[in-house]
Amino acid sequence: MRVIIRPTAEAACVTAARIIAEQVIRQPASVLGLATGGTPLACYRELIRLHREGRLDFAAVTSFNLDEYVGLGPENPQSYHHFMFANLFRHINIDPNRVHLPDGKAADLRAACEAYERSIVAAGGIDLQLLGIGTDGHIAFNEPGSSLASRTRLKTLCRQTVEDNARFFDDADQVPRLAVTMGVGTILETRRCILLATGENKAAAIGAAIEGPLTSQNTASALQLHPEVIAVLDQAAATSLRRLESYQNAESYMPDPDELT
Ligand code: PGA
């Protein structure tokens, strides 16, 4: 796993955005996997900025989001549909017909999950997946104990995740307890992943994911099986890592992803 450590959260998010931008410039019809939450906001701001400067064209891009709350439709401000349009899609020239999020209000959720998997395959698979990480080590909503072979499905959120996400709602009681999420197996099939983590509260989960044993108790650790993951961290999220020097040394031989061609 490549590990890039930036001094600040803002700088880490800019680096993640530049890696996404490089993908879209090199392959305009890329299939991007996108994430919600507090962490990617600054990354999306940088993508919007590059688009407004005329350096980034999303017209041919297809996107798939990782997850959605069950019971929240696109009109609900707390839904991930709403989040993605408010924080990214409305500000760039992506074709709304090419954006995909799981349907948290599908009458038949199981059939909708299977259809979501099929639509990823039909689009040719995900070229670059952006991932955050939960304080419990989850990727998407694959909570501790999730099968590392799991596919898109219904998942119950852990108490810690409900508490972490309560800040986006008026109170914790309003946080849905169920979500539709891509599985760990789905994520492992993407061609490249960025694991973006910022802040001290992510340090333990990041240490376990990158240097700990492979375990369903920290589903991000499954990324150790993925052929091409770039972890982009700020210094605070990197404090539990023991091999900092070797990551920094390896990085000195790599091209700087911040330099866009
Ligand atoms: P956050 O969520 O970016 O809001 O911390 C990350 C996640 O739960 O994957």
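Tutor: Before we look at the sheets of this predicted model, keep one rule in mind: two strands are said to pair if DSSP finds at least two bridges between them.

Student: Which strands form the seven-stranded sheet, and what is the sense of their pairing?

Tutor: The order is S1-S10-S9-S6-S2-S3-S5, the sheet is open, and the pairing is parallel. At its edges are strand S1 (2–6) and strand S5 (99–100), each of which pairs on one side only.

Student: How do you know that strand S2 and S6 count as a pair?

Tutor: Two bridges join strand S2 (residues 31–34) to S6, and the rule asks for at least two, so the pair qualifies. These two strands run parallel, and the bridge partner of Leu32 in S6 is Leu128.

Student: What makes S6 and S9 a pair?

Tutor: Strand S6 (residues 128–131) and S9 share four bridges in the parallel sense, and because at least two are needed, they pair. Leu128, which we have just met as the partner of Leu32, also stands opposite Arg192 in S9.

Student: Which strand pairs with S9 over five bridges?

Tutor: That is strand S10 (residues 229–234), again in the parallel sense, with Ala197 standing opposite Leu233 in S10. Between the two strands, the chain leaves S9, passes through helix H7 (residues 203–211) and arrives at S10, in a β-α-β crossover that is right-handed.

Student: Why is this crossover given its handedness?

Tutor: With the strands pointing away from the viewer, a path from the first strand over the helix to the second that runs clockwise is called right-handed, and the crossover from S9 through H7 to S10 has that hand.

Student: Why is strand S9 described as largely enclosed by the rest of the structure?

Tutor: Six of the six residues of S9 (residues 192–197) are buried, so the strand is largely enclosed. In a regular strand the side chains alternate between the two faces of the sheet. Here Arg192, Ile194 and Leu196 point one way, while Cys193, Leu195 and Ala197 point the other way, and all are buried.

Student: Which strands make up the three-stranded sheet?

Tutor: This open sheet has the order S4-S8-S7, with antiparallel pairing. Its edge strands are strand S4 (67–69) and strand S7 (153–156), each pairing on one side only, and from one strand to the next the twist averages 30 degrees.

Student: How many bridges join S7 to strand S8, and how many join S4 to S8?

Tutor: Four bridges join S7 to strand S8 (residues 178–181), and three join S4 to S8; because the rule asks for at least two, each of these counts as a pair. In S8, Val180 is the bridge partner of Leu154 and Thr181 that of Arg153, whereas Tyr69 stands opposite Ala179.

Student: Is Leu157 buried or exposed, and how do you know?

Tutor: Leu157 has a relative accessible area of 7%, and since buried means under 20%, Leu157 is buried. Leu157 is found in the loop between S7 and helix H5 (159–165).

Student: And is Glu189 buried or exposed?

Tutor: Glu189 has a relative accessible area of 55%, and exposed means over 50%, so Glu189 is exposed. Its place is in the loop between helix H6 (184–188) and S9.

Student: What makes the approach of the Glu189 side chain to the side chain of Arg151 a polar contact?

Tutor: The distance is 3.0 Å, and the cut-off for a pair of N or O atoms is within 3.5 Å, so the distance condition is met.

Student: Which residues are around the ligand?

Tutor: They are Gly37, Gly38, Thr39, Gly132, Ile133, Gly134, His138, Arg167 and Lys202. Here a residue is placed around the ligand because one of its heavy atoms lies within 4 Å of the ligand.

Student: Where do oxygen atoms of the ligand approach Gly38, Arg167 and Lys202?

Tutor: An oxygen atom of the ligand is 2.8 Å from a polar backbone atom of Gly38, and an oxygen atom is 2.8 Å from an N or O atom in the side chain of Arg167. For Lys202, a polar side-chain atom lies 2.6 Å from an oxygen atom of the ligand. Of the 280 Å² of accessible area that the ligand has on its own, the protein covers 85%.

Methods: Residues numbered from 1 in each chain as written. Predicted model: local features only at pLDDT ≥ 70, side-chain atom pairs only at ≥ 80, totals over all residues. Heavy atoms only, no water. Buried < 20%, exposed > 50% of the residue type's maximum accessible area, 1.4 Å probe, protein only. Polar contact = N/O pair within 3.5 Å; in protein donor to acceptor, adjacent residues only side chain to side chain. Areas by Shrake-Rupley, 256 points an atom, 1.4 Å probe, with all protein chains shown as cover. Axes fitted to C-alpha atoms, helices over the stretch in contact; angles between N-to-C directions.
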